[in-house]
Amino acid sequence: MDLTATTADLASAAADVARLLPTRVYDPVLAGLVLRADASAVELAGSDREHAVRLTRAATVHSDGAVVVPAKPLAETLRAVEDPQVRLVVEGSRLAVRTSTARFALPLLDLTAHPGIPPLPPAVGSIAARTLASALVPVSSAASKDDALPVFTGVRMHGADGRLELVATDRYRMAFASLPWVATGELDVLAPAVVLAEAARQPGREAVVAVHADADRIALSWAGGSVSTALLAAPFPDDRVRKLLEAVIDSTVLVEADVLAGAVRRAVPYAGPHGSVTIQVDDGELRVRGSDPQSGESEESVKATIDGNRVTKTFQARYLADALRAFSGRRVELRIQDGLRSTVLTSQAGEDGVELTYLVVPLRTVN
């Protein structure tokens, strides 16, 4: 194999593949990146039998071929190269990365021992890439990172009546999105949130993403790439989660999401060991407070439109910040419920037709 390509293109693709592959495995080939040069392009791919990614980049191919090399060292090497063009050529048992002034050599792994990239499941629908990312990324942020409870590490994806519904929760917060899509089959799966969020960031914003699924796997594909992953087998607590959306409102607040997010961010240094901030609903404004005996205290006023009672709620700052980030650039409505019931954040659907709702559980209530 011998090819020349744009360094930035190869570096970004190698980094994307490396992020989806494990770094600690018994078999080093599972952490390997497959390079396959053919005609006028090079494919960068990886699979650890559970996740799989395939990205194609333009290249001048001098000699066809396929090799497997350690993914992370290749990605780090390409990222550090400053030349605009780079040449990859097999030299014996090494893959040489050549620039005008340097040469780096990576060991070749056993291509025959690599599990290969599994074929994509059947397509069940399609959706604009920017629409999918604007919904899937914030919904995935509400999923748990604790693998001990796999059901809460996933995103429930359900297609119905021309809408794709996404739900995720870690038991302390929940995100729900409904977005338009073109369905060509049935979809009702629970998929790993981290992988889906990473996949949604890959295609260009103008691309169209095809959704593939069967009983075992789900995949997203677009012109120039695809990502697939095994499904989670655990049942999702659908009915209990959906009941959380039935809010009994005590106070409604309409505020600029970015302004409130900034106030929350500035209160974090005073949030104490539990990282908590307090939101007080007052006349025509919100008061954002942080207080800690060691660090001191902060208070900031944010203009808002208030309808309902004056209430005070305390939240985990990072959970509230994640929720507000999902509504960046828009006005967000906070539907505050009495007691320890969740506060519901929502906004009018944007031009992409995405309807997003985020729930955050308060730490305590002060009347």
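This report describes the two sheets, the helices that lie on them, one aromatic pair and the largest pocket of a predicted model.

**The five-strand sheet**

Strands of a sheet pair through backbone hydrogen bonds, either parallel or antiparallel. One open sheet in this model has five strands in the order 5-1-7-8-9, and the pairing is antiparallel. Its edges are formed by strand 5 (60-63) and strand 9 (103-107), each of which pairs on one side only. If direction is ignored, neighbouring strands of this sheet are turned by 20 degrees against each other on average.

Within this sheet, strand 1 (residues 2-6) runs antiparallel to strand 7 (residues 85-91), and five bridges join them. Ala5 stands opposite Val86 in strand 7. Helix 1 (residues 7-19) lies across strand 1 and strand 7, and its direction makes about 95 degrees with strand 1.

**The nine-strand sheet**

A further open sheet has nine strands, again with antiparallel pairing, in the order 15-11-12-13-27-26-25-19-23. Strand 15 (188-192) and strand 23 (305-308) stand at its edges with a single partner strand each, so one side of each is left without a neighbour in the sheet. From one strand to the next, the twist averages 15 degrees.

Strand 25 has a partner on each side in this order, namely strand 26 and strand 19. The table gives the bridges that strand 25 makes with these partners.

| Strand pair | Sense | Bridges |
|---|---|---|
| Strand 19 (residues 249-256) and strand 25 (residues 331-337) | antiparallel | seven bridges |
| Strand 25 and strand 26 (residues 343-346) | antiparallel | three bridges |

Particular residues can be followed across these pairs. Arg331 in strand 25 is the bridge partner of Glu256, while Leu254 stands opposite Glu333 in strand 25. Glu333 also stands opposite Thr346 in strand 26. Strand 25 and strand 26 form a hairpin with five residues between them, and in its turn Gly339 has a positive phi of about 70 degrees.

Two helices are placed against these strands. Helix 3 lies across strand 11 (154-160), strand 12, strand 13 and strand 27 (355-360), and it runs at about 165 degrees to strand 13. Helix 7 packs on the sheet as well, touching strand 13, strand 25, strand 26 and strand 27, and its direction makes about 170 degrees with that of strand 27.

**An aromatic pair**

A search of the whole structure finds one aromatic pair. It is formed by Tyr172 and Tyr319, whose ring centres are 6.5 Å apart and whose planes stand at 20 degrees, so the pair counts as stacked. Because Tyr172 lies in the loop between strand 12 (163-169) and strand 13 (173-180) while Tyr319 lies in helix 7, the pair ties together parts that are 147 residues apart in sequence.

**The largest pocket**

Rolling a probe the size of a water molecule over the atoms shows where empty space is left. The largest pocket holds about 680 Å³ of space. It is lined by 27 residues, and those that lie nearest its centre are Lys145, Pro192, Ala193, Val194 and Val195.

Which helices each supply at least two residues of this lining? They are helix 3 (129-140), helix 4 (193-200) and helix 7 (317-325). The largest share, five residues, comes from helix 4. Sorted by class, the lining of the largest pocket has 14 nonpolar, five polar and eight charged residues. Helix 3 and helix 7, which supply part of this lining, are also the helices described above, where helix 3 lies across strand 13 and helix 7 touches strand 13.

Note on methods:
Residues are numbered from 1 along each chain as its sequence is written. This is a predicted model: local features need pLDDT of at least 70, side-chain atom pairs count only at pLDDT 80 or more; totals for chains, interfaces and linings use all residues. Side-chain values use heavy atoms; hydrogens and water are left out. On a 1 Å grid over the protein atoms alone, a cavity is a set of points where a 1.4 Å probe fits but cannot get out, and a pocket is an open set with protein on both sides within 12 Å along at least five of seven lines; lining residues have an atom within 4 Å of a point. Grid points are joined across faces, edges and corners, and a volume is the space filled by probe spheres set on the points. Helices (H or I, at least four residues) and strands (E, at least two) are DSSP runs, numbered from the N terminus. Ala, Val, Leu, Ile, Met, Phe, Trp, Tyr, Cys and Pro count as nonpolar, Asp, Glu, Lys and Arg as charged, and the others, Gly among them, as polar. Two strands pair if DSSP finds at least two bridges between them. Axes are lines fitted to C-alpha atoms, for helices over the stretch in contact, and angles run from 0 to 180 degrees between N-to-C directions. Contact means heavy atoms within 4.5 Å. Rings of Phe, Tyr and Trp (its six-membered ring) pair if their centres lie within 6.5 Å; planes under 30 degrees apart count as stacked, over 60 as edge-to-face and the rest as tilted.
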